[in-house]
Amino acid sequence: MIKKIKGTGFALMMSVMMMAASGCTRGNEKDAERAPIKADKNISSMVNEAGKSEAEGTEDYTTDGAVISEGTAAEFKKIDDFSTTLESDNGLIKVEVDAPVSLPECDSYPIVKVSRKDIDEEMLKKTKDVLLGDTKLYDGIRVMDPEIERDIKSGKYGEAEKSELYIGGQVDYEDIGQYPVDVKLNNVTEMAKAYSDVDDYDFYYMQLMPEGDLFYGVTDGADGNYASLCLTNSEGYGSSLKYFSSRDYFVRSGLVLPEMNFVTWPVEYGKDYIINEGNPERVFEPEEPAEPEYDENGEIIQWVGSGKKDSNFEGFNVIDSTKETNALSEQEALQQAGQLLNELGLDSQYVPVYAEDTYLTDPENVVKTSTEGGKYTENITVGRVWDIVYERAVNGNIVEDYGEKYSETYDHGEVDKKVWFGEYVRILVNDNGVVGLFIGDPMTVEETVVDNSNLMSFDEIKKIYEETQLETLNGMSSFDSILSDESGDLQYDIKIDDIKLKYTKVSEPNEFNKGLLVPVWDFSGVCYNGQGGLEGEGSFIQINAIDGTVYNAEAGY
């Protein structure tokens, strides 16, 4: 049985806490500028430190005779226990550590050079052949947002409002069969003329990735299966390949940014988890009447919620899908996911780190049911899948991407942003087979820089942890400047219950597309607020196992 490894990018809780707690608060300059422990912190000095045969304070944690098979993760072995309590002077944050200390049982901890990689047209066609066979695909760029389509048909928008919705050139899903497409990548700017009638093309794709490559195809649903396949290569946002299919409804996947438009959560949380009041990850909020927002010329920019609950809204109705069911065992699901990786030629690169029986829904596909006197309810169809995540491993050591390396440059007043998201493969499986595939920001492994790194002793890591954990939290958006806060409005109790040696990607500030995979100590746990409510879970600090510096994903080191 594959268990979730706490601290991965797939926290059970669907909150931004996970991202923020790993130093990944996009756009937060404080995080990127957080002072390193060592003033001379840089990659070359770290590599030199790792390569020394008998560096002072280093420890040999390798296991003689350990052999790691390709495509498998090493078993963790316990080497220590660590308990301590840290509390801020203002009493607003308390960290209690009581955890076993474990590391992968292997014969070496190498340092590996990697670079960003585009996903090519060959992989696109292979994915289409494996998952969709001879099924024809149509132009997903022209499919109208299902939520907007629903609201237009319900009469929510008049003709004046519709002109402000960027829907020119887009059609109802039922009409998409008029627009067949070839399965090939195209440059976004070169395609702009062909999509001059699509308002959203210039507003979205041309704004976000004019230099990028794009394919976005969908099926027409004639066979009762609604599927979409999308591939993007963007200089600013990396590469991703997305596939999703459903018997219940069409789900858009033509996004420049990674991830799909659906939401998953563990079955054990209950079907109503996403609508429960007080739930920090609540996805569906009560319906609000929309009001226009104007620019300085009096033109409508967008329609936004009024902040007041619609008096006619009577609530949500969560419905079990009868088409997207999941009676598979975990082993059966893993077997199907593994077979897909094998057919795509990816089975030797990634190892399974997470397998969870989950509910799934698409927030855009809500069906409104009218009752008496203008009252209505909103119906949410919930399917069920095995959600399986694969990540890269270095000699059996799982590579954990704790967030995004983030860069922005300024040129004549304009901001150019770049994000290096984390690499992973995510596969969704249920009784209908593989219903979802996501490949995010794959890397090319170029060479091994150090065969076996010298690691600092964990006694040294303990000292660094105790000196830096509170200050590290203080620099994250979730706990922003909490050490200087005297209001007492927000209080947090963090319980660290899992400490493991993992790998992550580091890079110099001026080397955006290249990096090294290196070992780090991951301190993971759960965060509660002052009222005892769950705020989130994940990794709260990562310390470089070679030089003892605190890792910051946004800065890249």
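Rings of Phe, Tyr and Trp, the last taken by its six-membered ring, pair if their centres lie within 6.5 Å. The views below are of a predicted model.

**View 1. An aromatic cluster and the nonpolar core.** F82, F458, Y465, W521 and F523 come together as one aromatic cluster. Across the structure there are 18 aromatic pairs. Y465, W521 and F523 appear again, with F479 and I499, as the residues that have the most contacts inside the largest nonpolar core, which holds 60 residues. Another core lies apart from that one and has 33 residues, including L124, L137, A337 and L340.

**View 2. Two tilted ring pairs.** How many aromatic pairs does the structure hold? There are 18, and two of them are described here. In one, the ring centres of F244 and F262 are 4.9 Å apart and the planes stand at 35 degrees, so the pair is classed as tilted. This pair links distant parts of the chain, since F244 belongs to strand β9 (residues 238–246) whereas F262 lies in the loop between β9 and β10 (263–266), 18 residues apart. Both F244 and F262 are buried. In the other, the centres of the rings of Y269 and Y273 are 4.8 Å apart with their planes at 50 degrees, so this pair is tilted as well. Y269 is partly exposed, its relative accessible area being 25%, while Y273, at 10% relative accessibility, counts as buried because the cut-off for that class is under 20%.

**View 3. Lysine side chains over aromatic rings.** The charged end of K505 sits over the ring of W420, at 4.0 Å from the centre of that ring. In a second arrangement, K500 lies over the face of F76, with 5.2 Å to the ring centre.

**View 4. Strand β9 and the strands that pair with it.** Is β9 largely enclosed or largely open? Nine of the nine residues of β9 are buried, so the strand is largely enclosed by the rest of the structure. The burial applies to both faces, with G238, S240, K242, F244 and S246 on one side and S239, L241, Y243 and S245 on the other. Strand β8 (residues 226–234) pairs with β9 in the antiparallel sense over nine bridges, and the two strands form a hairpin with three residues between them. Within this pairing, L231 has L241 of β9 as its bridge partner. Strand β21 (residues 433–440) also pairs with β9 in the antiparallel sense, here over five bridges, and F438 of β21 is the bridge partner of K242.

**View 5. The surroundings of F512.** F512 is located in the loop between β24 (492–506) and β25 (514–529). With 10% relative accessibility, F512 counts as buried. Which residues are in contact with F512, leaving aside its neighbours within four places in sequence? They are R116, K405, Y406, S407, K418, V419 and W420. W420 is also the residue whose ring lies under the charged end of K505. The C-alpha atoms of F512 and A555 are separated by 9.9 Å, the two residues being 43 apart along the chain.

**View 6. Helix α5 and the residue that follows.** In helix α5 (residues 146–153), the buried residues are P146, I148, E149, R150 and D151. Strand β15 (366–370) is included in what covers these buried residues. Just after α5, G155 takes a positive phi of about 85 degrees.

**View 7. The whole chain and the confidence of the prediction.** The chain has ten helices and 26 strands, and buried residues make up 53% of its 557 residues. Of the contacts between residues at least 6 apart in sequence, 73% join residues that are at least 24 apart. The mean pLDDT of the chain is 84, with 88% of the residues reaching 70 or more. Among the elements of the chain, helix α4 (residues 121–132) has the highest mean pLDDT, 98, and helix α1 (residues 17–20) the lowest, 30. Over residues 1–39 the pLDDT is below 50, although this stretch has 144 contacts in the model beyond near neighbours in sequence. Where pLDDT is low, the predicted coordinates should not be read in detail.

How values were computed:
Residues are numbered from 1 along each chain as its sequence is written. This is a predicted model: local features need pLDDT of at least 70, side-chain atom pairs count only at pLDDT 80 or more; totals for chains, interfaces and linings use all residues. Side-chain values use heavy atoms; hydrogens and water are left out. Rings of Phe, Tyr and Trp (its six-membered ring) pair if their centres lie within 6.5 Å; planes under 30 degrees apart count as stacked, over 60 as edge-to-face and the rest as tilted. Helices (H or I, at least four residues) and strands (E, at least two) are DSSP runs, numbered from the N terminus. Buried means under 20% relative accessible area, exposed over 50%, partly exposed in between (1.4 Å probe, protein chains only). A charge sits over a ring if NZ of Lys or CZ of Arg is within 6 Å of the ring centre and within 35 degrees of the ring normal. A nonpolar core is a set of buried Ala, Val, Leu, Ile, Met, Phe, Trp, Tyr and Cys residues joined through side-chain atoms within 4.5 Å. Two strands pair if DSSP finds at least two bridges between them. pLDDT is the predictor's confidence in each residue, from 0 to 100. Contact means heavy atoms within 4.5 Å.
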